[in-house]
Amino acid sequence: MGNGPSQLLYLPPQEHDGRRATLVDGAADERAARRNLREQIVRLERQLADAFVTAFPMGGLPQRSTAVCAEPRLLDLGELEIVRDELSQRLHEARTMISRCADEQQEKRLLLERMLLEPGRYRFARISCEDLGEPGCGAWQVRPRLGLVGMLMGWWQVKLSSGCPLAGGRRPFSGPARS
Amino acid sequence: MTGEATGRPLPSDPGFVSSDVAAEFPGLRLDWMTVAAPPGRLRSSPPAVVERLGYLANRYRGASVVAMRTKPIPHAYRAFYRQIGLDPDVERIPAERVAVERLLHGGFASVDLITDACLVALLETGVPIWALDAGAVDEKGLGIRTTTRGDAGWQPGSEYLEPGALAVVDGSTVHGLLFADPGSAGAVRPRTTRVALFSVAVAGVPAIHVDESLWICADLIRRGDSGE
């Protein structure tokens, strides 16, 4: 038996009122569920925005479209659940990536500290600033003092290169200017 | 409008939001106002507006654009985009769209007075403004509703719209989809004498920002129109 309003017209008055109350309750419940899902979407969007900003210096988050339709619409319960689940999945992936990058950077920082304490044990080891999560294109490297003499004498030191002045390299030559 | 004569901010009218949409999005609102347009042609912006665009362009840096989505107003629009099925990383919210264009092109190019006024209002407040020919808006005024079967497309000669889309409408005409540029049927033309400015705000966008955005836009058009 359908739940459409046309069937309600043939029910006895008491049953009719009860069925309508059930329908109203059902519609109200569904609206409340949609409102709840929208609140979850707002929270997830906020957390994803924070994750995006955090992950940006680490190379950024992978872009993936989560649009469920091409034009703005009132989404039903199922569509809102899809949006919520995809946001949740993206947030989980973002946090996993951030956590992995943070662990790698922490390992590199520990290695740098060991290099500074005992440079002789880490000959020619090299850690870039990018690996440490720092800006710039410099690099920490264990090098011998005085070149070959230092290598023979075991005089090792950690040096921070200043990086290159043009991080992206020189602009390719575009030919002579047109008159 | 008395404000035009006195130079005070012009009063805006709250547009209607259909009951089904308002029930789902209690914070969704459309405000609109009309303002006299420069007569005869779409005149270029006065130097002060072009200078202001340049000044506003200097506010943008890469880091601030990256962090923009964590600010309250862009966040509110981004969350709303998700709630209506759009992906704000693909279909960017207006504030982010102009910020990305600024980073790509190095500045804001002046188009005409009305376009520039809408852009300045968006840059100052984060609340987008769109302009329509006020003559194309009927007496019911502007509002938001879902399209129904039989609604004609807003481009001349276009086909019927898919029902269920959120759109900016008046009593009889669909002027465009929500957050999209209005169609050519109601577009501002050289013969336009009055411009209808409207903004769409969502939950989380303070009303004062909406009012300020409309006032900035109307004020720039009024000043540009009088040659100030």
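Helices here are DSSP runs of H or I at least four residues long, and strands are runs of E of at least two, both numbered from the N terminus. With that in hand, the predicted model is easy to read for chain A: going along the sequence, the order of elements is α-α-α-β-β-α-β. That comes to 4 helices and 3 strands.

As for packing, chain A has 179 residues, and 12% of them count as buried. Looking at contacts within chain A between residues at least 6 apart in sequence, 49% link residues that are at least 24 apart.

Next comes the interface between the two chains. Chain B puts 25 residues in contact with 26 residues of chain A. On the chain B side, the elements that supply two or more residues are α2 (19-24) and α5 (72-83). Of these, α5(B) gives the most, with 5 residues. Sorted by class, this side of chain B breaks down into 13 nonpolar, 6 polar and 6 charged residues.

One loop residue of chain B rounds things off. Glu162(B) sits in the loop that runs between β5 (143-146) and β6 (166-169) of chain B. Its C-beta atom has 14 C-beta neighbours inside 10 Å, so Glu162(B) counts as partly exposed; the cut-offs are 20 or more for buried and 12 or fewer for exposed. Glu162(B) and Thr148(B) are 14 residues apart along the chain, and their C-alpha atoms are separated by 7.5 Å.

Key
Residues are numbered from 1 along each chain as its sequence is written. Chains are lettered from A and ligands numbered from 1 in the order in which they are written. This is a predicted model: local features need pLDDT of at least 70, side-chain atom pairs count only at pLDDT 80 or more; totals for chains, interfaces and linings use all residues. Two residues are in contact if their C-beta atoms, placed from the backbone, lie within 7 Å. Ala, Val, Leu, Ile, Met, Phe, Trp, Tyr, Cys and Pro count as nonpolar, Asp, Glu, Lys and Arg as charged, and the others, Gly among them, as polar.
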